[in-house]
Amino acid sequence: MNIIRIILLILPVFLAAGCGGSGYSTELLFDDSIETVCVEMFDSESFRRGTEYDLTMALVSRIGANTPYKICQERREADSVIYGRITGVTERILSHQRDLDRPLQEQLLVEAEVTWKDLRSGKLLMDKQKFRFSGNYSALMNDSIEVATREAVNKMAADIVNEMETGW
């Protein structure tokens, strides 16, 4: 009986110490004052066409799936807006087949700057934050550059959504 009393007295102390000091929280990861986001089509400084469309669509999908925010088509109806520009899309050869003088594996690098703005207050929630991701492909494995583009923009969209989380 005494052991049960001791456990009941000590248990709240351990629970409070475990939750309070370890960084866990029950608060939302995203700003709950924002309900809607307008994702504008990204601009591109690159000569590779279509990457801006792929990134915009990947970001819309990621926000819809991983955040509590609703996507708005019209900027005037949204609480916030995300926009940006692709600053570079470059290719490089990772490995080379010497005897036939052709690339074995190639890499596509996508770089972008992203801004997220609260339209109600004018506050910049993310100000020209730089993102850089790559995707790999191999013509010998019947991959195409589109595979690498999708890989890079999906990684970038996931990272942008992670950056939309509120700080602890």
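This is a short talk through the fold, the strand pairing, the cysteines and the salt bridges of the chain shown above.

Hi everyone, and thanks for coming. One thing to keep in mind from the start: this is a predicted model.

Let's begin with the overall layout. The chain has three helices and six strands, and reading from the N terminus they come in the order α-β-β-α-β-β-β-β-α. Of its 168 residues, 32% are buried. If you take the contacts with a separation of 6 or more, 67% of them are between residues 24 or more positions apart. As for the outside, the accessible surface is about 11000 Å², and carbon and sulfur atoms account for 52% of that.

Now please find strand β1, residues 36–39. Both of its faces are covered, with Thr-36 and Cys-38 buried on one side and Val-37 and Val-39 buried on the other. Which strands does β1 pair with? One partner is β3, residues 70–72, which runs parallel to β1 and is joined to it by three bridges. Another is β4, again in the parallel sense and again over three bridges. To place this on your screens, Cys-38 sits opposite Cys-72 of β3, while Val-39 has Ile-82 of β4 as its bridge partner.

Helix α2 comes in here too. Thr-56 belongs to this helix, which covers residues 51–66. Thr-56 counts as buried because its relative accessibility is 4%. Leaving out its sequence neighbors up to four places away, Thr-56 touches Val-39, Glu-40, Met-41 and Phe-42.

Back to those two cysteines, since somebody is bound to ask. How many disulfides does a search of the whole structure find? Zero. The cysteine sulfur nearest to that of Cys-38 belongs to Cys-72, and it is 7.1 Å away. A disulfide here would need the two sulfur atoms within 2.5 Å, so this pair does not qualify. Both residues are buried, Cys-38 at 3% relative accessibility and Cys-72 at 13%.

Next, the helix at the other end of the chain. Helix α3 runs over residues 145–163 and reaches 27 Å from its first C-alpha to its last, close to the 27 Å expected for its 19 residues. Its buried residues include Ile-145, Ala-148, Ala-152, Met-156 and Ile-160. What do the buried residues of α3 pack against? They pack against helix α2 and strands β4, β5 and β6.

The same helix holds a salt bridge, between Glu-151 and Lys-155, at 3.2 Å from N to O. These two are four residues apart in α3, about one turn of the helix. Glu-151 is partly exposed at 30% relative accessibility, and Lys-155 is partly exposed at 35%.

How many salt bridges are there in total? The count is nine. One of them joins Arg-76 and Glu-74, with the closest N and O atoms 3.0 Å apart. Arg-76 is exposed at 71% relative accessibility, whereas Glu-74 is partly exposed at 35%. Another joins Glu-111 to Arg-132, where the closest N and O atoms are 3.9 Å apart. That pair links distant parts of the chain, with Glu-111 in β5 and Arg-132 in β6, 21 residues apart. Finally, Glu-45, Arg-85, Glu-113 and Lys-130 are linked in a network of salt bridges.

That's my tour, and I'm happy to take questions.

How values were computed. Residues are numbered from 1 along each chain as its sequence is written. This is a predicted model: local features need pLDDT of at least 70, side-chain atom pairs count only at pLDDT 80 or more; totals for chains, interfaces and linings use all residues. Side-chain values use heavy atoms; hydrogens and water are left out. Buried means under 20% relative accessible area, exposed over 50%, partly exposed in between (1.4 Å probe, protein chains only). Contact means heavy atoms within 4.5 Å. Accessible areas come from the Shrake-Rupley method with a 1.4 Å probe; for residues, only the protein chains shown count as cover. The expected span of a helix is 1.5 Å times one less than its number of residues. Two strands pair if DSSP finds at least two bridges between them. A salt bridge is a side-chain nitrogen of Lys or Arg within 4 Å of a carboxyl oxygen of Asp or Glu.
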